[in-house]
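Here's a protein chain to explore. Take a look at the structure first, and then we'll walk through some of its parts.

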Amino acid sequence: MTYHEADPNTVDSGALAGHGPARRGEIMRLTNRASMTLILCLLALGLRARNVGAQSLVQYTPPGGPQERPESRRQELEHELEAARYHLGPVRVAPWATLRDVAYVRSLFVSGERLPSDVTATAGAGFRAYLRNGTKATWIAQVLPEYVWWHRQTARRQLNGRYSLGFAGFFNHLTVEVKAGRQQQQQIATPEVPVPTSTRNDGGELLVELRLSSTLSLFGATAVNRQNNLVDERRDPRTGQLRLLDRDERSERLGVRWRLDRRWSIALGGEHLVTDFTHQGSLDRSNSGTAPLTEVLFQGNHLVFDATAAARSLTARRGAEFVPFHGVTGGAALTLGRTEGSNLALRLYSSRNLVYSLSSLYPYFTDQRLGAALLSGFGQRTRGRLFVEGGRNSYTAFSAATPGRREDVSSYGGSLTFALRKSLNLGIDGVHSRYDANRPGESRTYSSVGVTVTLADLPLLR
């Protein structure tokens, strides 16, 4: 997808008036030099402050399967720019507001412990801003504060938000993306305690891809991330255990990518991962290791296949208590059909992830799932999704004398989204998960039904 020329309103033509080509060339060189300096400063800030662009590399993902991703980050950014209709000089602004996850939440442990059923809601308002530096480079900032409210559990009310600064450059043979910031949101951190809690991720990431030919390119990436679960051990001992999952992670990736044609993409590379837990106490699961990795993507008109896999080899570091892990993690999804208009699509997916445990007997477990989702478009304004999935959590013990632990997991749910207006969306979603453990008192269920309203391009924010 090609970029449009910059909007004439975003260029200070007066600043260049009366200057010859040499003067204009000097100004452009100074601008490019300043841009590269800012990129390097931003990278340094991201690596030191450990900002948000990086996601946790070993983590729990909620049920429902992978979301459909855009053809490319460049295409996604172009759509964002088109939606940012308001201008403050050269800056494009996209206002944003939401009332989301207005939900009834219920968690039940078979041991007889019932966490309080409650009603929660999250409200937020902010903006995304874009500054084009020519037609190939864009600076991106987002300030999206939000407030999490609970009806009964007032101690869990929290001011969260997503704040980041980034740069995306799509040049002739080089792509550079840098992002740094904070992402603090309410989510389920682990299925061992299926309760939404606020989690903060500070981090940064740098991605570079160099195109060597029309089909071959080299890519590299580095990311750092600090995860903190914002819980109070004294008020709620069960959710307070989540502090044991607080950790620092950093990774480096290097590889090569082949684009055989417009539909096929294959990547091969390697990754180095280091994890340091920040609340070790008597249980330090810090580890590091390497992994060869591969990614295959096929995008056809009525068939999409997406698969990633990493053969991880993780061992303890600094004498930590960590059982070595040698295995494959990743996921695959096959989508048949299209959801444009009134069409249907079927998505089959599977995944295998490594998730750290809260137990002092088990350092981690493998989360394996297999699921199916039915996607539907009802005209141009309504989208629906139904899913069902099953799997197993298999725990690895510190000692061979420790009894084996496993959980059979089943989940189902769905969502319905209505585009009431161009800038107003209404969503309804629900999920029910059950964890049947082989040990007494450890089975549990989680249910949630919620409503989300998202409003953008607010007149009062013009």
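## Strands side by side

Strand 11 runs antiparallel to strand 12 (residues 303-316), and eleven bridges pair the two. To get from strand 11 to strand 12, the chain takes a hairpin of three residues. One bridge to look for is glutamine 299 with valine 304, which sits in strand 12.

Strand 11 (residues 287-299) also has strand 10 (residues 264-277) as an antiparallel partner, with twelve bridges joining them. Here you can find glutamate 271 bridged to alanine 291 of strand 11.

## The whole chain

Keep in mind that this is a predicted model. Zoom out and you'll find four helices and 19 strands. Of the 462 residues, 43% are buried. The accessible surface adds up to about 23,200 Å², and carbon and sulfur atoms own 58% of that.

## Salt bridges

How many salt bridges does the structure hold? There are 26. In one of them, arginine 257 pairs with glutamate 209, with the closest N and O atoms 3.3 Å apart. That links strand 9 (residues 247-258), home of arginine 257, to strand 7 (residues 197-211), home of glutamate 209, across 48 residues. Both arginine 257 and glutamate 209 are buried.

Another joins aspartate 276 and arginine 317, at 2.7 Å from N to O. Aspartate 276 is in strand 10 while arginine 317 is in the loop between strand 12 and strand 13, so this pair ties together parts 41 residues apart in sequence. Aspartate 276 has a relative accessible area of 14%, which is under 20%, so it counts as buried.

Finally, glutamate 442 and arginine 439 form a salt bridge at 3.8 Å, N to O. Through shared partners, Glu192, Arg405, Glu407, Arg439, Glu442 and Arg444 all belong to one salt-bridge network.

Methods
Residues are numbered from 1 along each chain as its sequence is written. This is a predicted model: local features need pLDDT of at least 70, side-chain atom pairs count only at pLDDT 80 or more; totals for chains, interfaces and linings use all residues. Side-chain values use heavy atoms; hydrogens and water are left out. Buried means under 20% relative accessible area, exposed over 50%, partly exposed in between (1.4 Å probe, protein chains only). Accessible areas come from the Shrake-Rupley method with a 1.4 Å probe; for residues, only the protein chains shown count as cover. Two strands pair if DSSP finds at least two bridges between them. A salt bridge is a side-chain nitrogen of Lys or Arg within 4 Å of a carboxyl oxygen of Asp or Glu.
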